[in-house]
Each structure stands twice: as structure tokens, then as C-alpha cells.
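Got the viewer open? Let's take a walk through this one, selecting a few things at a time.

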Amino acid sequence: MEEKIINTYRLASAEELDIVKTFECGQCFRWNCDENGVYSGVAMGKAAKLWTEGGEVYISTDAALDMWLDYFDLKRDYREMSHFDGGEYLDRCVEYGMGIRILNQEPWEALCSFIISQCNNITRIKGIVEKLCSLYGEKLDFAGETYYSFPQPVTLAFLTAEDLAPLRSGYRAPYIIKAAQAIVSGEIDLQALIDCSYSEAKKALLSLTGVGEKVANCVVLFGLRHMEGFPVDVWIKRALKEHFPPDFKPESLGKYAGLAQQYIFYYARESKTNATV
């Protein structure tokens with residue numbers, strides 16, 4: 001087997017891309033940090049390691065740099081995109097969360113992962129996703145370590161709930177299989193949902209068994225590149241109730257409402273976690 005060449009690139013400044021904020025804001029489940037602050041993970045079937053050093057973010061990878069620039073959405077100016085007419089609280093959220101990027105994740109992985117995420121915590125979601133990948137993904141050797149790609153829909157479409165029992169995903173197992181079947185049969189064309197409007201993409205996703213408003217909005221935002229998506233979980237619900245008017249509508253934040261959502265989510269969760277009692 002031909003040995004792959006691993007290169008190290010400067011990816012961005014730490015101001016443009018804060019890897020801690022980006023990986024820890026609930027939008028992805030396959031990146032893990034070691035004791036040295038190095039994140040390892042898999043995206044688009046490629047493994048990589050990322051770290052921050054001297055105010056710069058570096059990536060070690062055997063994939064093309066351009067793939068990662070797209071994945072981290074580094075070809076757009078987030079400072080310019082982050083002007084929202086949402087009041088003083090949202091302004092605080094934006095400043096606190098600056099450095100978060102909306103990851104352009106593989107659509108099927110986003111759909112499957114957020115089906116798994118329902119009524120679940122991040123630690124458990126990560127465990128289920130990693131087990132799914134190790135059982136049904138392809139083995140990836142990278143930097144002397146073993147990783148696994150996310151399994152393709154065609155691999156999962158012909159499984160049974162019993163086949164997924166080792167995941168301990170409970171009632172979500174049939175939803176995973178039905179979603180895979182919908183992709184394989186052509187009932188849902190995820191690529192076409194990238195190219196259509198936000199509302200059309202969300203409507204199509206809501207037709208899937210086990211996909212509700214929150215999951216659909218997560219998928220359109222993190223997997224289908226529709227930045228109008230505005231997932232509402234317990235953190236967002238609480239922030240909206242406490243800091244926004246009763247008649248607030250996410251669409252009032254414009255075409256980058258999903259970016260505002262990530263700033264609100266991260267600030268609400270972190271300020272609560274770090275609050276002194």
C-alpha cells in the first residue's frame with residue numbers, strides 16, 4: 001500500500017478560527033481534544049489533527065488544504081457577516097463567540113448525527129457516532145493511529161435495528177435506517193437540498209421519520225449550507241425567553257441567522273457553566 005504524505009499547513013489565524021469554540025459549540029461530534037490541546041478527527045473521509053500555536057491554527061493532514069478551507073468556511077469574512085440587529089445581548093454573544101465557524105459538514109453525516117442527537121447529551125452522542133463509524137465505516141490509518149470514516153447510506157440502509165443494537169441508540173436506530181433508505185432510494189436527494197431554498201430543504205427533511213424542527217434546522221445549517229437555519233434547543237429557548245421580545249422571529253436576523261444562533265448558544269451555555277454560585 002502506498003504511504004500517504006502528511007503535510008502541515010497554516011490554516012488560519014486563531015482570531016478567524018477558534019478551534020475550541022468551533023468544535024465545542026454542539027455542531028459536530030467527531031473531533032476530540034487531547035491533553036496538549038490538539039484536536040483529532042475525521043471529516044469527508046479524511047483524518048486530521050489541528051492545534052493553535054503562536055496565534056495561528058495549523059492542520060496536519062493527507063488531504064488537500066482547499067478541502068479544509070471549505071470545511072471550516074474560511075473563504076468568507078465572518079466579521080462582515082456578524083452584524084445583526086438583535087440588541088445588546090446578541091452583540092455580547094457575537095463578541096464572546098467570535099472565532100466560531102459554521103462547519104460545512106458532509107450532508108449525510110450531518111443528517112444521521114443529528115438524528116442520533118435527539119434527547120441526548122454530547123458525550124453520549126459522540127460515543128454512539130464513533131461506535132457506528134467503527135462498526136460500519138472504512139478504516140483510516142493516519143499518523144500511526146486508526147480512525148474510521150462515516151458509513152455510507154447504502155451500508156446502513158440494509159441493516160436491521162438488531163444490527164445497530166451495539167450502538168445503544170434506542171428508538172433512534174429505526175430512524176437511522178429509514179433515513180439511509182430514503183437516501184438510497186432517491187426519495188431524498190441531499191445534494192439537491194443544498195441547491196434549493198432553505199424552506200424547501202427543511203420541508204423535505206421534515207418528511208423523514210424521526211426528523212422534527214430542531215433536527216431539520218441543524219441539518220440545513222450544518223450539512224446543507226443554509227445559514228438561515230436556526231435550531232432551537234433548551235439553551236436557545238432559555239436565551240430567547242430571557243433576552244428577546246416575545247414576538248421574536250429568527251428570520252429577523254437575516255440570511256446569517258444560523259451564525260447568530262451559534263453565538264447565542266455558545267454564550268448562553270458558557271456563561272451558565274462558568275457562573276459563580
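**Stop 1: Gln262 and its neighbours**

Start by selecting Gln262 and whatever surrounds it: leaving out residues up to four places away in sequence, it touches Cys25, Gln27, Ile100, Ile102 and Phe222. Bear in mind as you click around that this is a predicted model. Gln262 sits in helix α13. Is Gln262 buried or exposed? With a relative accessibility of 2%, Gln262 counts as buried, since the cut-off for buried is under 20%.

Now hop to one of those partners, Ile100. You'll find Ile100 in the loop between α4 (87-97) and α5. Ile100 counts as buried too, because its relative accessibility is 1%. Show everything Ile100 is in contact with, again ignoring neighbours within four places in sequence: Lys21, Thr22, Cys25, Gln27, Tyr78, Leu259, Gln262, Tyr263 and Tyr266. So which residues turn up both here and around Gln262? Cys25 and Gln27 are in contact with Ile100, and Gln262 touches Cys25 and Gln27 as well.

While you're here, draw a C-alpha to C-alpha distance from Ile100 to Phe23. The two are 77 residues apart in sequence, and the distance in space is 8.4 Å.

**Stop 2: the nonpolar core**

Next, select Trp108, Leu111 and Leu205. These are the residues with the most contacts inside the largest nonpolar core, which has 72 residues. Which helix gives the most to this core? That's α13 (residues 257-273), with nine residues.

Zoom in on Leu111. Beyond residues up to four places away in sequence, Leu111 touches Ala179, Ile183, Leu190, Leu205, Leu208, Val211 and Val219. Leu205, one of the residues with the most contacts in the core, is on that list. Apart from this core lies another, of 19 residues; pick out Tyr39, Ala48, Ala63 and Leu103 among them.

**Stop 3: α11, the enclosed helix**

Select residues 213-222, which make up α11. Eight of its ten residues are buried, so α11 is largely enclosed by the rest of the structure. Colour the buried ones: Val215, Ala216, Asn217, Cys218, Val219, Val220, Leu221 and Phe222. Phe222 is also one of the residues that Gln262 touches, and Val219 is one that Leu111 touches.

What packs against α11? Bring in α5 first. The axes of α5 and α11 are 9 Å apart, at an angle of about 150°. The two are therefore roughly antiparallel to each other, the cut-off for that being over 145 degrees. α5 passes α11 in a right-handed crossing. To see the contact, show Ala110, Leu111, Phe114 and Ile115 of α5 with Val215, Cys218, Val219 and Phe222 of α11. By class, those are eight nonpolar, no polar and no charged residues.

Now add α10 (residues 198-206), whose axis comes within 9 Å of that of α11 and crosses at roughly 130°. α10 and α11 are therefore oblique to each other, and their crossing is right-handed. On the α10 side, select Tyr198, Ala201, Lys202, Leu205 and Leu206; on the α11 side, Glu213, Ala216, Asn217, Val219 and Val220. This contact has seven nonpolar, one polar and two charged residues.

From α11, follow the chain into the loop between α11 and α12 (234-243), where Arg225 lies. Its phi is near 65°, a positive value in a residue other than glycine. Arg225 counts as partly exposed because its relative accessibility is 39%.

**Stop 4: α5 and α6**

Go back to α5 (residues 107-116) and add α6 (residues 122-136). How do their axes cross? They come within 9 Å and cross at roughly 130°, and α5 and α6 are therefore oblique to each other. α5 passes α6 in a right-handed crossing. Light up Cys112, Ser113 and Ile116 of α5, then Ile125, Ile128, Val129 and Leu132 of α6, to see the contact. It has six nonpolar, one polar and no charged residues.

Last click: Cys119, in the loop between α5 and α6. Buried or exposed? Cys119 counts as exposed, because its relative accessibility is 73%. Check its backbone too: phi of Cys119 is near 50°, a positive value in a residue other than glycine.

Definitions and conventions:
Residues numbered from 1 in each chain as written. Predicted model: local features only at pLDDT ≥ 70, side-chain atom pairs only at ≥ 80, totals over all residues. Heavy atoms only, no water. Axes fitted to C-alpha atoms, helices over the stretch in contact; angles between N-to-C directions. Helix = DSSP H or I, 4+ residues; strand = E, 2+ residues; numbered from the N terminus. Parallel < 35°, antiparallel > 145°, perpendicular 65-115°, else oblique. Left-handed = near helix turned anticlockwise from the far one by under 90°. Contact = heavy atoms within 4.5 Å. Nonpolar A, V, L, I, M, F, W, Y, C, P; charged D, E, K, R; others polar. Core = buried A, V, L, I, M, F, W, Y, C linked by side-chain atoms within 4.5 Å. Buried < 20%, exposed > 50% of the residue type's maximum accessible area, 1.4 Å probe, protein only.
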